[in-house]
Amino acid sequence: MKFGVVVFPGSNCDHDAFYALGHVLQKPVEFIWHQSEDLHSCDAIILPGGFAYGDYLRTGAIARFSPVMKSVEKFAAGGGMVLGICNGFQILLEAGLLPGAMMRNVGLRYICRHVNIRVEQTDTPFTHGATGGQILRIPIAHNDGNYTCDEVTLAELEKNRQVLFRYTTPEGKNDAAGNPNGSMGNIAGICNRGRNVAGLMPHPERAVESALDSEDGLVIFRSMVEALIGAAKASA
Amino acid sequence: MATAQTEIRVTPEIAAEHGITSEEYGRIQKILKRDPNITELGIFSVMWSEHCSYKSSKVHLKRLPTKGKLVVQGPGENAGVVDIGDGWVAAFKIESHNHPSYVEPFQGATTGVGGILRDIFTMGARPIAVLDSLRFGEITATKQTSEEEAAKNRRILDGVVRGVANYGNCFGVPTVGGEVVFEPCYAQNPLVNALALGIARKEDLFFAKAKGTGNPVIYVGAKTGRDGIHGASLLASAEFTEESQQKRPNVQVGDPFTEKLLLEACIEAMKTGAVVAIQDMGAAGLTCSTCEMASRGGTGIEIDLAKVPQRETGMSPYEIMLSESQERMLLVAEKGREDEVLGVFRKWGLDSMVVGEVKDGGLMVVKHHGVVVAEIPAHPLAEEGPVYNRPMAEPAPRKESANDWYKFAPDGTDLTENFKKLLSAPTIASKRWITEQYDTMVRTNTLAGPGASDAAVVRLKESKRALALATDGNGRWGSLNPKAGAMHAVAEAARNVAASGARPIAATNCLNFGSPEKPEVMWQFSQAIDGLGEACVALGTPITGGNVSFYNETLGKSIYPTPTIGILGILEDATKVLKIGFRDEGDVILLLDGAGGENLSSANRAKEFSSSEYAKDIADIVAGQPPAIELAAEKWLIDVLVTLAEQGSLQSAHDLSDGGLAVAIAESCFAGNNAGASIVLPGSDSAEYALFGERGARAVVSVKPEKVSGVVATAKKHGVAVQEIGKVTRDNQLRIEYKGRAVVSAPVNALQDVWGHGLERALKLQ
């Protein structure tokens with residue numbers, strides 16, 4: 001089992017994802033440079049947070065054309081597990097690996113704070129270790145997390161149970177009150193129809209130790225680890 | 001000089017326009033043994049500007065303590081460096097970007113952060129935290145501030161906050177703390193003081209000393225443009241007038257993405273072992289980096305400007321040398337290994353170009369297409385600028401009597417409404433609206449972000465330790481007594497660090513003052529230096545660097561003398577960080593007092609109280625004297641807090657500062673998830689003095705009942721008095737009883753509402 005963390009020149013959460021996987025969970029992990037088309041035979045790819053190429057245009061708009069993304073697209077098409085966090089989510093949207101788009105936060109300000117998200121689906125490699133309806137306390141840190149899509153796409157997302165995480169309150173009751181950025185349907189994270197590609201705006205890698213105020217992000221990485229173990233067994 | 005190809009002939013008038021006095025011009029002629037050409041004049045004018053040369057402050061700065069057993073590098077390099085154990089060092093420094101932030105708030109603030117970050121990674125240290133100490137004019141209309149002015153101050157605040165956020169967030173360094181203070185004097189001259197901290201292995205430190213004749217000089221980073229020309233000399237080294245907005249083109253423009261690339265590329269290039277020296281191009285750009293590297297290394301340097309990557313065509317040598325375009329570095333590589341260095345910068349998509357080489361002989365030679373356009377001895381240019389011991393005069397004492405001082409409310413007055421008003425004052429209210437715009441967590445080392453502890457605390461993943469940092473300053477006290485104001489700034493920053501559990505070890509300072517050409521301002525400056533020196537010696541925190549910002553005045557009116565102090569501390573065990581929030585119901589609340597109480601006359605209490613935040617917010621009084629400061633008491637309190645943290649005997653700790661005991665208790669309640677508190681204070685004088693007085697050397701701690709006797713014993717052993725003043729509750733009530741009567745009584749969530757949203761309401765966002 002090996003994780004790959006893609007490094008765009010402006011990635012700045014790459015080290016944090018690497019640390020969460022390599023140090024906290026003690027799993028093999030490597031960095032993958034954005035100009036490389038070789039994914040080093042990694043079994044799961046993380047697109048980390050940051051400002052890939054400065055994001056002076058639209059977030060992720062340039063990153064989707066990078067050499068590494070060609071390989072990531074192929075990897076995903078072959079069923080490979082890809083998780084985009086924050087800027088990584090934005091890049092997945094731009095690349096068309098996930099449906100929809102990001103707008104500026106309502107209020108037009110960068111927001112960094114802990115939020116509560118509810119796990120909506122557990123039959124994915126990213127969430128199967130969680131219980132349905134579980135509330136996770138995880139930080140956000142972004143300018144552009146206001147998820148949007150057309151009505152048809154939204155209906156499809158709901159019908160296919162592709163919404164993995166929704167913003168909510170600590171009690172999990174009034175979702176709109178817990179929505180920090182105006183995101184449509186209070187969506188914090190989604191997956192593709194194949195359920196092997198997922199993106200979320202909150203940063204699970206920032207919630208992996210009690211010293212950082214929360215360990216709720218671990219369930220996502222642990223789910224991925226277990227999914228890889230399961231896949232390895234199945235193919236053995 | 002053989003071929004000066006400059007069209008403009010330098011005259012005394014042109015020299016004067018460059019801010020060069022006739023005496024300074026004579027000195028230039030003596031150094032060159034001829035008249036300078038226009039490029040050379042430009043070079044001298046920026047290097048000898050107040051901002052770069054410290055010509056008015058040098059004679060005083062000498063009095064500051066700069067040595068200590070942990071100090072690896074004191075003032076004089078890009079940043080101060082201290083030993084933090086296990087082979088690690090910390091580089092840190094605070095710097096002002098005041099004038100640019102008034103002229104163009106967003107770009108001014110953003111490039112302030114960018115500049116200080118470069119100072120840190122130039123040393124080979126990876127930045128791990130930024131703090132910003134911000135001061136603005138009043139953002140709500142008052143007697144002194146019209147609604148129009150308040151609206152302008154709100155716009156400045158908004159731009160500055162966005163600018164700070166923009167740079168740190170994109171660069172990927174957490175902005176973990178600082179201060180935000182409001183006083184009318186900062187209306188036309190906000191203070192934006194940015195502090196950055198980085199860490200490195202001791203053996204991996206880099207210095208800005210050119211060495212090795214024949215070694216190539218390499219320019220890396222962003223292209224040079226026409227932005228920021230004369231930023232240091234005209235913008236930072238002169239006071240503001242009504243035309244200052246026209247100086248907008250002098251403000252630099254920041255690009256945090258390029259800086260992020262520059263950081264990664266520089267650190268990677270340094271690892272090749274082929275880099276000999278490196279210096280960032282900040283104030284005075286290419287001029288400063290070339291002559292300072294040569295001067296420090298005792299060498300000469302020669303560059304050809306035609307090789308400098310340029311953003312636009314047709315730039316003159318004068319413009320290239322004086323440009324303050326951001327995100328640029330100059331480095332000296334080992335001869336023959338330049339390709340290794342250039343390769344790293346290519347990988348990161350940055351321009352890099354060999355522009356010259358290190359020479360013997362101590363001359364800085366600047367060519368343009370092979371033609372010499374400037375030829376100046378580097379050492380005299382960098383180090384032998386004018387030094388002024390400017391006249392000083394103590395201002396006439398303020399005519400004040402008891403009538404001007406605060407009149408305490410009679411015994412038994414309910415102070416709840418005043419307390420709410422104080423909690424909602426922008427200086428006291430929660431800064432959450434601001435700090436949530438900063439990425440406070442990136443790199444996952446933040447153990448205590450804004451408001452969680454008295455200091456910002458970041459762990460070192462490589463060791464068991466954590467570092468704590470706090471910035472403090474009190475301009476109002478500085479204006480009433482510059483020496484005491486400076487001492488309080490040091491004491492409060494050190495106290496804040498200790499209240500996070502860390503031992504204060506070193507300081508950095510940003511000295512914001514009015515025009516040095518005014519004798520009263522120079523007197524304030526000299527007094528402040530004396531205060532800083534005394535306090536830093538007493539508290540064991542040598543000054544390792546910083547900067548001086550003079551000419552903080554508009555239309556002849558100076559700001560309050562405002563030294564901002566940043567203090568760094570080491571927490572030996574990162575798991576023992578102390579936070580301000582109350583925890584469990586029944587925990588005992590103790591007041592620690594290093595001075596063991598006060599014995600002032602009631603007139604002196606009123607005089608002292610008149611300098612408080614409460615007197616300003618409630619009665620519009622700014623008068624009297626800051627509280628007397630006892631450095632020994634401060635030291636005892638620091639020792640006790642550090643010892644108690646080590647023992648793990650405290651549930652929470654919070655120092656007393658703006659707003660006194662009542663505000664400290666309330667903040668501990670809010671940070672404790674709206675815990676309540678029931679407080680009984682033994683009375684001697686006015687309740688207002690007891691609740692809101694700002695005497696130093698005090699902290700509020702909470703302790704599990706079974707640990708109280710141990711804490712009391714430890715405190716007494718260090719000579720610190722302890723008073724049991726109440727208990728933590730969970731009934732949503734904050735109740736403070738004084739002389740047998742409740743003087744403050746309110747639901748915690750109601751108080752939290754006025755405090756939590758006070759800033760947003762003042763900004764008219766709610």
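In strand β25 of chain B, Arg698(B) is the bridge partner of Asp593(B). This is a predicted model, in which local features need pLDDT of at least 70 and side-chain atom pairs count only at pLDDT 80 or more, while totals for chains, interfaces and linings use all residues. Residues are numbered from 1 along each chain as its sequence is written, and chains are lettered from A and ligands numbered from 1 in the order in which they are written.

Asp593(B) belongs to strand β22 of chain B, which covers residues 588–593. Strands (E, at least two residues) and helices (H or I, at least four residues) are DSSP runs, numbered from the N terminus. Two strands pair if DSSP finds at least two bridges between them. β22(B) pairs with β25(B), residues 698–703, in the antiparallel sense over 6 bridges. β22(B) also pairs with β26(B), residues 721–729, in the antiparallel sense over 6 bridges. In β26(B), Lys727(B) stands opposite Val588(B).

A residue is buried if 20 or more other C-beta atoms lie within 10 Å of its own, exposed if 12 or fewer, and partly exposed in between, with C-beta atoms placed from the backbone. In β22(B), 6 of the 6 residues are buried. Val588(B), Leu590(B) and Leu592(B) point one way from the strand, and Ile589(B), Leu591(B) and Asp593(B) point the other way.

Chain B has two assigned domains: domain 1 (207–382) and domain 2 (398–441 + 579–766). The bounds come from an automatic or database domain assignment. The C-alpha centres of domain 1 of chain B and domain 2 of chain B are 50 Å apart.

Chain A touches chain B through 21 residues, which are in contact with 19 residues of chain B. Contact here means that the C-beta atoms of two residues, placed from the backbone, lie within 7 Å. On the chain A side, α1 (14–24), β6 (111–119) and β7 (135–142) each supply at least two residues. That side of chain A divides into 11 nonpolar, 5 polar and 5 charged residues. Ala, Val, Leu, Ile, Met, Phe, Trp, Tyr, Cys and Pro count as nonpolar, Asp, Glu, Lys and Arg as charged, and the others, Gly among them, as polar.

Two loop residues of chain A have a positive phi without being glycine.

| Residue | Phi | Loop in chain A | C-beta neighbours inside 10 Å |
|---|---|---|---|
| Ser41(A) | near 45° | between β2 (29–33) and β3 (44–47) | 8 neighbours |
| Cys86(A) | about 55° | between β4 (81–85) and α3 (87–94) | 26 neighbours |

Ser41(A) counts as exposed because it has 8 such neighbours, whereas Cys86(A) counts as buried because it has 26.
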